[in-house]
Amino acid sequence: MQATTHPAPHVEQILANLPRINGVIPMYVDGEWRLAAEGGTRELFNPASGEPIAVVAEGSVEDARRAIAAARNAFDQGTWSSLAAAERAALLFRLADEIEAHREELMRIDTLNNGKPLRETEYDVVDAANCFRYYAGLATKPHGQTFDVPAPSQTFTVREPIGVCGQIIPWNYPLLMAAWKLAPALAAGNACILKPSELTPLSAIRLAGFFDELKFPPGVVNIVLGAGATVGHALAESPLVDKIAFTGGTKTGRSIMQAATSNLKKISLELGGKSPNIVFGDADFETAVDYALFGIYANAGQVCSAGSRLLVQRSLHDRFVDRLVERAQKIRVGDGFDPQTEMGPIISPVHRERVEGYIAAGHAEGARMLCGGNRLGGALANGNFIAPTIFDETSPGMRIVQEEIFGPVLVVQTFEDEASAIGLANDTIYGLAGAVFTQDIAKAHRVIRKLRAGITWINTYHPTYNEAPWGGYKQSGIGRELGTYGYDAYTEVKQINVNLDVQPSGWFSD
Ligand code: NAD
């Protein structure tokens, strides 16, 4: 592992285009910039240095209530849902252009707020723009079906927006998760209340600036700031909200599902994972090593679909693990603004301690640590850094094997044959993602079909496409985002029957 450093970023310059009221970055509700109703504020910190970067409004239940009222009013007035799909699409295409035109700025905002390297935030910004484009295009495409029924009836379906959608997102992809939520919902004609993570709200607020400049109707997009237990919970339980879409931890997902029973609102949950990356003895060796690293250390392992369990066939184990450790130790860890940096910090001191708790648990349970496990010192001592870590000689019941660590910690599990690989792979409560590396294409397909997971890869790890559905089996979630599935999840289906033989039914005598 090599440490990279960088001079302090010019915070004022990076955040120059964010709105401020009395020095506080406000939220965006009903087409207006607003401070928190009860005056709350929250200080944000650069995860790479521990330095304060901004003060943002910290909303309360009252702010959630106001945002819900604004969205409800906008939806019920039809200011957005009644526009022709082509008009909604035109505005969403312009929004995508704005995002692209401000690519550098948005990259720097997310790198400052989240810590991830610029090459990762560049990917996020480009993908966010493309997500809005994809759904802008989908808005004008055919969505209904016709049915050949045994009666003189023209029977068909139309898709209509669900109504007011509460959308709660985590901190690991601040801008991209906002795009995954807002793009399909707006394309389908809904009114949205997005609550970013309280740790990383800055790019969502910058995005609100584009919605404002492009004159989206007031109340159609609201960005409300604050904690999950207050603002997030208020969105999940409000009877005025028709749908709640959540990305975050499985425990939080469970509480959101319970709160959503108030009015049986529609729910989409994208939750945690402990995904297996299975490497057979006949895999292309260097490719498999490379993707094993990418699978776990991209975004410092803070990825729901991270390949956090490496399942390696015994015949290959020693050679593979030796090479993996050699490569993991070369990863350049540091400030995301340094172009040399390959892996950034953990999001917060609290989360770093959580990850370290798992490293301690790994030792206590008898796993063997092959590399990492330590904080970084020197110029990086004030950031939340943890070196790329690998545990070997694990057993399936260990906490580090079963629980989502959400950090740069890889656990190695060894298997004998295809059947035992599948058994180990499916042996957690999660079912988000998984991959297999082998040059035997029939074996690859057999194994993938046996994985109880929603997103899978053969001879690669992590590629994600706006066009294809994303979501988990088991306790990794409910529903799918992205692709046409993601659009459908923001619509209700209405059946329409037109009588083609208009005369009294004759059911009752006259
Ligand atoms: P988290 O569950 O703590 O928080 C996510 C969001 O939920 C935040 O905005 C938070 O404020 C809010 N929240 C917290 N408690 C709430 C409550 N009681 N009611 C309503 N909202 C509440 O998760 P996190 O730590 O921000 O993110 C990490 C987790 O997200 C990991 O478990 C990861 O696997 C998951 N994740 C999943 C996906 C996916 O697509 N499946 C993608 C990214 C992250």
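Helices are taken here as DSSP runs of H or I with at least four residues, numbered from the N terminus. By this count, helix 8 gives the most to the shell around the ligand, with 4 residues. The structure described is a predicted model.

The surroundings of the ligand comprise 28 residues, of which Ile169, Glu198, Thr252, Leu271 and Glu404 come nearest. At least two residues of this shell are supplied by each of helix 8 (228–237), strand 11 (243–247) and helix 9 (250–259). Polar atoms of the protein approach the ligand at several points. In the side chain of tryptophan 171, an N or O atom is 3.0 Å from an oxygen atom of the ligand. Two backbone positions face nitrogen atoms: a backbone N or O atom of glutamate 270 lies 3.5 Å from a nitrogen atom of the ligand, and a polar backbone atom of leucine 271 is 2.7 Å from a nitrogen atom of the ligand. The ligand exposes 840 Å² when taken alone, and 87% of that is buried by the protein.

The interior was examined next. In soluble globular proteins, nonpolar side chains tend to be buried together. The largest nonpolar core in the model has 137 residues, and Phe132 and Phe320 are those with the most contacts inside it. Domain 1 (9–271 + 476–494) and domain 2 (276–458) each contribute at least three residues to this core. Residues up to four places away in sequence aside, phenylalanine 132 touches Leu92, Leu95, Ala96, Ile99, Ala179, Leu182, Ala183 and Phe211.

A polar residue, glutamine 413, is located in strand 18 (residues 409–415). Glutamine 413 counts as buried because its relative accessible area is 4%, under the 20% limit. Its side chain makes a polar contact with the side chain of arginine 309, at 3.1 Å. Beyond neighbours within four places in sequence, the contacts of glutamine 413 include Arg309, Leu310, Leu311 and Val312, together with Thr394, Pro396, Val401 and Leu424.

Positive phi values were found at residues other than glycine. Asparagine 22 has a phi of about 50° and lies in the loop between helix 1 (11–14) and strand 2 (27–29). With a relative accessible area of 73%, asparagine 22 is exposed. For lysine 474, phi is likewise positive, near 50°, but this residue is placed in strand 22 (residues 473–474). Lysine 474 is partly exposed, its relative accessible area being 36%.

Conventions
Residues are numbered from 1 along each chain as its sequence is written. This is a predicted model: local features need pLDDT of at least 70, side-chain atom pairs count only at pLDDT 80 or more; totals for chains, interfaces and linings use all residues. Side-chain values use heavy atoms; hydrogens and water are left out. Buried means under 20% relative accessible area, exposed over 50%, partly exposed in between (1.4 Å probe, protein chains only). A polar contact is a pair of N or O atoms within 3.5 Å; within protein, one must be able to donate a hydrogen and the other to accept it, and residues adjacent in sequence count only if both atoms are side-chain atoms. Contact means heavy atoms within 4.5 Å. A nonpolar core is a set of buried Ala, Val, Leu, Ile, Met, Phe, Trp, Tyr and Cys residues joined through side-chain atoms within 4.5 Å. Domain bounds come from an automatic or database domain assignment. A residue is near a molecule or strand if one of its heavy atoms lies within 4 Å of it. Accessible areas come from the Shrake-Rupley method with a 1.4 Å probe; for residues, only the protein chains shown count as cover.
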